[in-house]
Every structure is written in C-alpha cells, then in structure tokens.
Amino acid sequence: MFILEMLRLDGRGDFVFQETCRGCYGCSFPAEFRCEDCFSTELYCRSCTVERHHENPLHRIKHWKDAFFHDVTLKSLGLRIQLGHPTQERCYNPAACQDFVVLHVNGIHEVSLDFCGCETAQSLTTQLLRIRWFPATVLEPKTAATFKLLRHFHILSFESKVSTFEYWQTLTRLTHNRGVVVIKDRYEALLRMIREWRNTTMLKHFGRGHDPAGTSATEQGSCAILCPACPQPGKNLPEDWESAPPETRWLYALFLAIDANFRLACKNVSSDQMDPGLNCGWAYFVEEQRYKSFLTDVGRCPQEKSTCASHNAVNLAETRNSRGLAATGAGTVDCSRHDFKRPCGVGDLQKGEKYMNMDYLFFSTMQHAGDIAVLNISYDIACQWSTNLWQCMGRYPSTIHLRHHDSKTITFLVPKFHLPTHIEICQITYSHNLLKGMGRTDGEAPERGWANINPVATSTREMGPGSRRDTLDDHFGDFNWKKVTNMGVSLSRKLKAAFPERDQHVHDFEDFNNALKHERPEQVAEWRLAVERWESDSSQKNPFAPTGKPLTQAAVRLSLSQQEAENLEHGMDNSLHEEVSRSVLVSSGMEIEDQQCRLARDLELLGAHPTDLQRTKLQERGNVLRRKIEQWSNVQLLYMPVVARLRASDMPTSRTHSTEEKAHEIELWLPSKVCKQSTDALHQCDATLCQYEWELRRAQAYDALDELRRHLRLRAHLYKFKDTHIRGQRANTRASAIIDKVESNVSVAAARYRRAWAALENLSPALSHTTWKVEFPKLENDDIRGMSQGKLGQSSGNRTLSWIWKARGVASDAPEGETVLNESLRIEWCKSRARAKHWVEEVQLLREEMRRVTAYLSWHAMWWDAQADRRTGLEPAEVEGLRGYAKRQAAVRRDLRYTFLSKWSAMDGIF
C-alpha cells in the first residue's frame, strides 16, 4: 500500500483529469506545475505558480511534461525577489542580481534578486538580514544562507557532530542527486557563514547586543554558560555565606576537575595570522595571544619528573610526538560535580600535558570564581602538580594570580578511577572517599564530557586554529546549556538514589560501631578523636594509614627471593637446580594448585551438553597444565625425593591408559601434604621447604580474606541496587546473572582460604606453631556474611560481626597479637564512618545545589529584565526587538525554575 501511494504521487494524483488551472478566477491556462514544498499537491499554470510563491521564493517546483515531472526553478518561471519593500511591491530603482545563490534546508537555489535602490534604502547586507538571509560577505554579496538553514545545521552539528562538508554534500544531493547537473560551489562560503553565525548568535545569547558599549566591551569568559548549581557569589549564595561556621562552610565549596584530551589535536595547516579566532577568549578557550606569550616566557623551565607512579602525563610530556601538529590536544578545567566547562578554562597543549599549560588554565579560570573560600581540586596527577603550584605562581604574571590563596581552604584530590594507579600514600591522602566534605563526588567529570566532544575531533583537527577554537567553544557552550535544562531531572535522580544509600550506610555504620563499642569502648573513642583531629587538620596523623606492611603472596615471594639473594652473596647456595630455588619451587607449586582448582570448577560448570569448542578449550587447558605439572614434578624430586615413593604408593594398580588421571586431579605432594601423610615430617621433607610454604600459605589466607570481603561488599551493593532500581523480567534476569557471578567469586575466595587453612593445619605440628588459629580461625559457612548481616536467627539487637571483618593481613612484630586486630578494626571503622558521612554529605550537597539552581535562575531572569532598556537612541523597531528578546530570555529562566520546583516539590524534605 505504501509503495503504491508513493508511486501515485509521481503522477498527477487526484488531479489527473484536471486540464486547466484553478489558481485564480477565470484562468484557462493548462495546469502543469506542482510545488513540492506546499501543503497541496494541486497543479497550477505558470503565472499562478509564480503569483503564489512571492512569499515562498525557495520552494521547489515540478513541471508535468512528457508524461513525467521535470525539475524547474521559480527563477526560470519568471519570479523575481524584491528586497527593501513589502511583498509584490516593486522598487522604482532596483539593483538587479541575476545569479544570486541561496542555501536553504531543501537545497541550493539560484534566484533573481532585486535590491532596493531608493534614496532611503538600507545597505545590501541589511536588506538580506531583514528577510532572514545571512550574507556570505558584506561587499556585493552574491550568496546567502537562510537563518533556518543555519539554525538547522547548528543544532544538527551539536546532536550528530556532522561536519560542514557533510552538510554541504547533503544540500547538493537534495538539489540534484543525479550527478549530471553542475552545482555552483559555495562550500567555502558556507564555512564562513556558519562560523560567523556561531559567533553572532553567541554574542546575542549573552546580551552583548544590549550593551551600549557594544561587542568591543565583551570581557574574558563573559560568554560562557555558568553552572547554576555551583557557588556563584552575588548570584546564588546566601548573603551570609562568607561568615558561615566551619561545620557548614564546606557546603559552599567549588569543586573543580582538571584533565587533558589528546584526541582534540590540531594539524599545522594554518596560523593565527591567517585564521584568527573570533571569540578572543570570550567563552571557554583562553585568549590565545596572552596564553602563547605566557608559555614563551615560562617555557624554558624543565618539566619535573613524577615521584609517584610512572605517570605518562608527567614523564612523557616532553617526548610526545608533535610532528605536523599545531596542538597535541587540549587541557580543560571543569565543574567536577556537574561536568560544566569553566569560563577561560580550556587551552591547547603544544607538546603534551605540561605543568605550565595546566597552571595557566587553572589560574585563568579562577579569575571567574569570585571569592570562594573553599576549593576542592581534582586532577589525576594532583599529587605531583600541587607540590610546587604556589611557588610556580610567584613566577607567573600577577594578572592570573589566585588572590588570597593563603586564606582559602584548598584540597587537592585524585579522581577515583585514577587513584588505584598511585602509590599507597597517595591513595589515602588524595582520596574523595576519605576526605571530609566531598560527598559522593568522584572527580571524573571531564572523562564523561569527552564522550560528547570526541566525535567532533575528526573534523576540528583539519581546521585552522581560530576556526577550531570557535567551533569547540560553540560545542562546549551547547553541552553546558543541555546540562542546565536537564538540572531538574539530574539532581532529582541523584537525590532519590542518595536517600536510601544514606540510610543504609548510616545503619551499617551504627551496627558496626555499636558492636565495637561493646567490645572495646576506649579504643573506639580514641579512633573517633583521631579521625576528627585529622579532618580538622590534615597535618595530623592519617587514621586511614596502616602502620604495618600488608602481607600478600607477592610480598612474601619477594622477601624469600631477597633472602636467597643474600645467602648467595655470602656463598651459601643450597639450590639443587640452576633455575628453580626452594622458594620458587613452593610458590610455583601453589600457582599450579590454583590452576587445578580453576580448571576443576570450569569443568563443573560446563553443563550436560557442551559444545565442541567448549570441550576443546578445556582440553587444551588441561594439556598445558599437565605439561607444567610434569616439568615441575621433575624438579620437585631434587628437593623432595620422598615424593617418588609417595606417588608410587598412591597410584592405583588398576588404572589403565584409558582411565588416566585428569590434570586437575593430580596430587602435587607439596610439603603440607607430605606432613599430613607422615608422622615424622621433618625427616621426610626439608624444614626450609615447610617454612617457605608456611609463610606463603599465611599470605594466601590473607589474600583470600581480602578477596572474600571485597566480593561480599559488592554482593550486598548489587542486591540493594536490584531491589531499589531493577524492574522487569529482562532487567531482573541480567541482574541475577551478575549476582550469580559474584556469588561464584565468593565461593572461590572461601575455597582458597580453606585450602590455605588446611595446609597451615598440616604444617603447624612440624614447625611447632601452636597459636596460629588465633590469627586464622576456621571458616564456617555461617562466617561468610556481610558486615551488616548476623547469623541465622539473630535479631538486630544481638547481631554479631563475623570474624572475617576483624582480620587483616599485617606484618608486625606480633602478627598473632592484638596489635594486628586493633589496626584492622581501626581502619575498617574509619572507612565505614567515612562512607556513612559522605552519603549524608551528598544529600546535604544536593539539597544546597537545588537551592542554588533556583536562586541562580531567579537572578538570571532579573538580569535579562534589566537588559531590556539599556540601549537608547535606537529606532522603535530595534527597541522593540531588544526588549522582546530580553523578556523572552527572562521568561525562559522563570519557566525552567518553575519546572524544576514542580519536579522537586514531589520529593519530600527537599528544602
């Protein structure tokens, strides 16, 4: 049906029997012309078609001839467009232009145009602008684009990231898609018009047309869309915010995030002299000339190397390849909580992510932060960047200095996703999860913003420097505006999620705290005082820092290797193999044991009807494992000759080749197994091997407990998230699959601990260790539960904490003693308290941000009201236009405020 109806429109349709035109009374000419853009499909004669299109001169016309429709233009039918006069009124002194080209959303049009040549005529540019055509030049224009086309491309480029070239190709195909008609090339003109349109509309949107001083008085950063939820002095803060007490001052903190994006590179295809920017630092990019002068003056200082982890951003800044590039990327400063680009917070990186580039961007955007007294600054290399920041500022021009920084509370942080790559001291010093006043901020806002801007990089890297900066400025502005219009939804969604999280974490901490207070009240009081002192003065001892060294398998292996190296230096080499020492033998045997367990588990999960591919992969893994065991067993005989007799006695005589022992079932006969089989273990097995396995098994037990606790926390979070947010069969099925995976990981970690415990039990008599069970209790099924869960049948009043949450792997002078347990509980108590506090802070921050958003929109509406009558001495039509635009912008802000309040009022206890 659809195909038939579409084909019907390729004929004359309902007017197939119409012979004469019905466009006007008494018309008897043949009806041969149909407009593709008018609502009706009726056909008219030539003169009526022209008459009907004086007000729609850019419609497309079809001519019925030779039994099909041909493309014709209104120009060929005789239509002339008169400017400077009302429609159908002719000018007595027209200035004709026969080949004027107009770009419209439906294609490229060549029209006959008559400019007004009367004594009172406006300039050619003004005449075009008043009919909403944007001229490609102000000197004898021959090309224009309609406002509708420019608006269409503007929004389309924001949403789809389409390039100007792709849009031009679209227009040419809409005009003629057959390839036989040569279309006049207006691509360069379209580039120029779009760039001027971006700049002009930006200045219009920020009230520069209402300023009596004109656009020349535009200040740096004044055309950036500000974050309404961030503290803006004089716009959305209470009158007494500067005198707020210390316990509430954190609510007025400004959260900033610094990052670099190396996908936003720019090829060296032009220069600032040939392609200057139009924005001149008015929006997000810093003013280029001042920026480059600054870099030239301070660029002779060498880049300092990282003393933390090997950060490529720092150490490789000098070596990043910049051949053929004018900029290797862009650095930005964002609002960390709401992902807004900051005014004058974006700049090009000439060669990597150098400190001086990021310094300038940070200090530049801080000139637009007012007198905010509390700053939380997140940067993935903050531990290095912040070290000499204030000393470097002293060498920079005074115009970008951060005023009164000594009297401000400034906290440097590392984004949560980047933090695990730092050394341990950085992880507890720069953590959003531990420091007071952070709420649930993660510091990763710039990373989320790159997903929006990265698709533009493919086209902007080919632009000249000025065009690229103007284009990116425009995209940053649109991204900020979309964030503003979505504030009602985003903040309410965050607050709805924060309420149950706050209640749950506060409840969990209270349970944990009450259980510990009952057992050790004096120590809990000491922990509380210590963490409160550290929160008020960061120079105090960090309560989250462990005093001992964590015991892990990797750490034990390193210690054993170092011990063997020391023996070699003193000429004591007890190794029986040139490549495999005693410690390597035991540690590699334990690794093979882990591989056996994983293979056995995968075989159990294979199912009743596995595919050939699944069976092949598992068989190949088994073959590789068998070869490893054979090679390891050959070396084992050198150190443990007794194993040969034990293997022979353990092998059933009835086993044939067809019933060969599976790789995951082969007994390895580690020292712990030998000790279990023999009453005189030390005569059967080397005491050094037993001691090595003892130390490695202790570390294995600690690793397994850490893994078990981590998966139990994840399991509790997933169950809570599923109950709160997941709806529908499909979503529940996927969520259940993820939870099943975590449950499997819990079982694996528990089995690993039990293997280590069993080995320790076998080794302890031979090594005369009698108190080890205090350090490693036996893991029962009832012990495997979350921190807030009690044993089966326990009520909330008598709930007890499982021992797994009280144990921690710390190597100290008395590892089995109270010191280890006390430190473990202190760190876990501090972390539990921090989690609860941060969710409470998040709710408070979100409420304050909602209040700030409504206050900012009220202020902005009043600001636009004040712009309406700033300019004087204008014509009535211009005055009315200025007032109309200002009033409409004020109404938009009031509508947003009303919409947000309506949405938030449905949530109890917001304000």
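Asp339 lies in the loop between strand E12 (329–335) and strand E13 (341–349). In this predicted model, phi of Asp339 is near 65 degrees, a positive value in a residue other than glycine. Asp339 is buried, because its relative accessible area is 5% and the cut-off for burial is under 20%.

The loop between E12 and E13 also holds Arg337. The side chains of Arg337 and Glu842 meet in a salt bridge, with 2 atoms, N and O, 3.2 Å apart. This pair links distant parts of the chain, as Glu842 belongs to helix H28 (residues 818–867) and the two residues are 505 apart. Arg337 is buried, with a relative accessible area of 10%. Glu842 also counts as buried, at 7% relative accessibility.

**Other salt bridges**

The count of salt bridges in the model comes to 46. Three of them are set out below, including the pair already described.

| Salt bridge | Distance, N to O |
|---|---|
| Arg208 and Asp211 | 2.8 Å |
| Glu593 and Arg697 | 2.9 Å |
| Arg337 and Glu842 | 3.2 Å |

In the bridge between Arg208 and Asp211, both residues are buried.

The bridge between Glu593 and Arg697 joins distant parts of the chain: Glu593 is in helix H20 (residues 582–604) and Arg697 is in helix H25 (residues 687–725), 104 residues apart. Glu593 is buried, with a relative accessible area of 16%. Arg697 is buried as well, and its relative accessible area is 1%. Salt bridges that share partners bring Glu593, Asp594, Glu693, Arg697 and Arg755 into one network.

**Helix H8 and the loop before it**

Helix H8 covers residues 288–298, and Glu288, Tyr291, Phe294, Leu295 and Val298 are buried in it. These residues lie on the same side of H8, because they cover an arc of only 130 degrees around the axis. An α-helix has 3.6 residues a turn, so residues three or four places apart point the same way. The other side of H8 carries Arg290, Thr296 and Asp297, which are exposed.

Cys280 lies in the loop between strand E10 (266–267) and H8. Its phi is near 55 degrees, a positive value in a residue other than glycine. Cys280 is partly exposed, with a relative accessible area of 38%. A positive phi therefore occurs here in a partly exposed residue, while Asp339 has a positive phi and is buried.

**Contacts between separate parts of the chain**

Glu501 is part of helix H17 (residues 487–519). With a relative accessible area of 15%, Glu501 is buried. The C-alpha atoms of Glu501 and Val840 are separated by 9.0 Å, although the two residues are 339 apart along the chain. Val840 falls within the residue range of helix H28 (residues 818–867), the helix that holds Glu842.

Two further pairs involve loop residues. Thr41 is placed in the loop between strand E1 (33–35) and helix H2 (46–51). At 32% relative accessibility, Thr41 counts as partly exposed. Thr41 and Gly13 are 28 residues apart along the chain, and their C-alpha atoms are separated by 8.0 Å.

Gly84 lies in the loop between strand E4 (80–82) and strand E5 (95–104). Gly84 is exposed, and its relative accessible area is 55%. From C-alpha to C-alpha, Gly84 and Cys116 are 5.2 Å apart in space, with their positions 32 residues apart in sequence.

**A charged surface patch**

A patch of positive charge on the surface is formed by Arg132, Lys148, Arg151, Lys204 and Arg888. Of these, Arg888 lies in helix H29 (residues 876–905). Arg888 is partly exposed, with a relative accessible area of 47%. Arg888 passes the accessibility requirement for a patch, because its 47% exceeds the cut-off of over 30% relative accessible area.

Key. Residues are numbered from 1 along each chain as its sequence is written. This is a predicted model: local features need pLDDT of at least 70, side-chain atom pairs count only at pLDDT 80 or more; totals for chains, interfaces and linings use all residues. Side-chain values use heavy atoms; hydrogens and water are left out. Patches are made of residues with over 30% relative accessible area and no salt bridge: like charges are joined within 9 Å, nonpolar side chains (Val, Leu, Ile, Met, Phe, Trp, Tyr) within 5 Å. Accessible areas come from the Shrake-Rupley method with a 1.4 Å probe; for residues, only the protein chains shown count as cover. A salt bridge is a side-chain nitrogen of Lys or Arg within 4 Å of a carboxyl oxygen of Asp or Glu. Lys and Arg count as positive and Asp and Glu as negative; His and the chain ends are not counted. The place of a charge is taken as NZ of Lys, CZ of Arg, CG of Asp or CD of Glu. Helices (H or I, at least four residues) and strands (E, at least two) are DSSP runs, numbered from the N terminus. Buried means under 20% relative accessible area, exposed over 50%, partly exposed in between (1.4 Å probe, protein chains only). The arc is that of the directions from the helix axis to the C-beta atoms.
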